[in-house]
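The following account leads the reader through a protein chain, beginning with strand pairing and ending with a single loop residue. Please keep the sequence and the model at hand.

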Amino acid sequence: MPRWLASSTLRTAKLTDGVIWVARPIREMSVSKPSVLVTRRMPSSVLSQLAETCEVDCHAETDALSHEALCQRLAGKHGLVCMFNDELDRTALVAAGAQLRVVATVAVGYDNIDVAAAAERGVVVTNTPDILTGATAELTWALILALTRRVGEGDRFVRAGRWEGWTFDSLLGTELRGKQLGIIGPGRIGRAVAAVAPAFGMRPVLSTRGHSLDPSTEIAGSEEEKWMPFDELLSTSAIVSVHVPLRESTRHLIGRRALIRMKRSAFLINTSRGGVVDDEALAWALDERLIAGAALDVFEHEPHVSPALIGRENVCLTPHLGSATRETRVAMAELAVRNVVEVLAGREAVTPVPLPARLLR
Ligand code: DGY
């Protein structure tokens with residue numbers, strides 16, 4: 001067992017593949033009902049579930065708390081339900097106090113949370129994997145189709161009153177049939193996107209670059225999936241779609257070096273995290289006509305979007321909508337709340353995030 005566990009408030013942890021963190025049960029603490037901060041407006045049905053066992057303090061707004069306000073409001077809480085754009089760094093975790101037991105993000109990505117600092121302080125971190133896979137894969141396909149068939153451009157053209165009648169050769173797009181779809185990041189979402197490719201007559205290929213999955217274990221039983229080295233995938237795909245988490249190793253994975261390797265006729269799609277694509281390098285590649293276009297749901301400095309991207313007809317932009325369906329968002333909130341309730345009762349979290357490798361040594 002690593003040294004930090006002995007001094008922390010984590011009760012047990014199974015240091016195997018499926019790492020389990022269990023915080024000290026709340027009944028060991030001298031409070032009747034644990035208090036939980038929820039950082040955003042949520043369906044009342046979800047908040048009622050939480051209120052059955054916890055005192056709920058909900059910032060019932062659509063906008064985020066400032067970092068300072070988050071720290072202040074988190075002080076003294078036992079649990080937190082937060083979003084991907086609430087920054088849970090060491091400062092926030094310290095401000096919360098030693099009684100904090102669980103941070104449950106309503107997202108699959110958890111690059112906003114200092115997981116190592118949380119583990120050191122005995123705080124279990126959970127996310128919401130799986131349930132948003134379908135919604136995010138659907139949005140990815142929506143963007144692929146919108147970009148290659150120029151849906152955004154057509155919509156703007158009609159609304160601007162510029163359409164004067166059908167013509168044989170206006171707004172011609174690019175067909176998908178017979179072409180290669182390159183998936184970078186063969187996790188749940190990447191593979192869900194790949195699974196749809198044959199329906200459009202596309203050949204999916206996958207690269208493990210930037211993803212921790214071991215292809216030799218994942219590949220078993222799926223003959224449809226073809227693996228390809230990163231550079232080869234970039235230079236041979238008609239569509240390159242990115243599905244890796246944001247980590248130091250994936251920051252700017254798609255920068256000048258990668259963009260130079262893509263075909264001039266290729267399109268780039270990013271529904272993973274801003275920061276995986278270097279927005280400035282992308283604008284440069286579009287200027288130089290090194291690629292044909294891009295569709296982006298996520299940006300390096302959200303909600304700021306580089307004017308160099310906004311001004312382009314061959315760029316399709318959406319405001320971080322990957323998991324934005326009613327069904328999925330409710331399911332995500334429910335799972336986050338279940339995680340909080342379980343941990344505060346001293347049970348295993350339903351979907352804990354993996355402990356950082358360095359803490360497992
Ligand atoms: C996620 O789940 O990580 C999304 O970016 C937010 O829904």
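Which residue in β12 is the bridge partner of V240? In this predicted model, V240 has L268 of β12 as its bridge partner. Strand β11, residues 239-242, and strand β12, residues 267-270, run parallel and are joined by four bridges. Between these two strands the chain passes through α11, and the resulting β-α-β crossover is right-handed.

Strand β11 also pairs with β8, which comprises residues 180-184; this pairing is parallel and extends over four bridges. Here I239 of β11 is the bridge partner of L181. Strand β11 is thus a partner of β8 and of β12. In a regular strand, side chains alternate between the two faces of the sheet. In β11 both faces are covered: I239 and S241 are buried on one side, and V240 and V242 are buried on the other.

A helix later in the sequence shows another arrangement. Helix α12 spans residues 279-287, and its buried residues are D279, L282, A285 and L286. They lie on the same side of α12 because they cover an arc of only 120° around the axis. The general geometry is that an α-helix has 3.6 residues a turn, so residues three or four places apart point the same way. The buried residues of α12 pack against α11 (256-261) and α13 (307-310), as well as against the strands β13 (293-296) and β14 (315-317). Just after α12, R289 adopts a positive phi of about 55°.

The surroundings of the ligand come next. The residues around the ligand are F84, A107, V108, G109, L132, G322 and S323. By class, this shell contains four nonpolar and three polar residues, and no charged residues.

The loop between α3 (67-74) and β5 (79-82) contains A75. Is A75 buried, exposed or partly exposed? With 14 other C-beta atoms within 10 Å, A75 is partly exposed. Leaving aside residues up to four places away in sequence, A75 touches A95, A96 and G97. A75 and V94 are 19 residues apart in sequence, and their C-alpha atoms are 8.6 Å apart in space.

These local features belong to a chain with 15 helices and 14 strands. Of its 361 residues, 41% count as buried. Among contacts with a separation of 6 or more, 63% are between residues 24 or more positions apart.

Note on methods
Residues are numbered from 1 along each chain as its sequence is written. This is a predicted model: local features need pLDDT of at least 70, side-chain atom pairs count only at pLDDT 80 or more; totals for chains, interfaces and linings use all residues. A residue is buried if 20 or more other C-beta atoms lie within 10 Å of its own, exposed if 12 or fewer, and partly exposed in between; C-beta atoms are placed from the backbone. Two residues are in contact if their C-beta atoms, placed from the backbone, lie within 7 Å. The arc is that of the directions from the helix axis to the C-beta atoms. Two strands pair if DSSP finds at least two bridges between them. A crossover is right-handed if, with the strands pointing away from the viewer, the path from the first strand over the helix to the second runs clockwise. A residue is near a molecule or strand if its C-beta atom, placed from the backbone, lies within 6 Å of it. Ala, Val, Leu, Ile, Met, Phe, Trp, Tyr, Cys and Pro count as nonpolar, Asp, Glu, Lys and Arg as charged, and the others, Gly among them, as polar.
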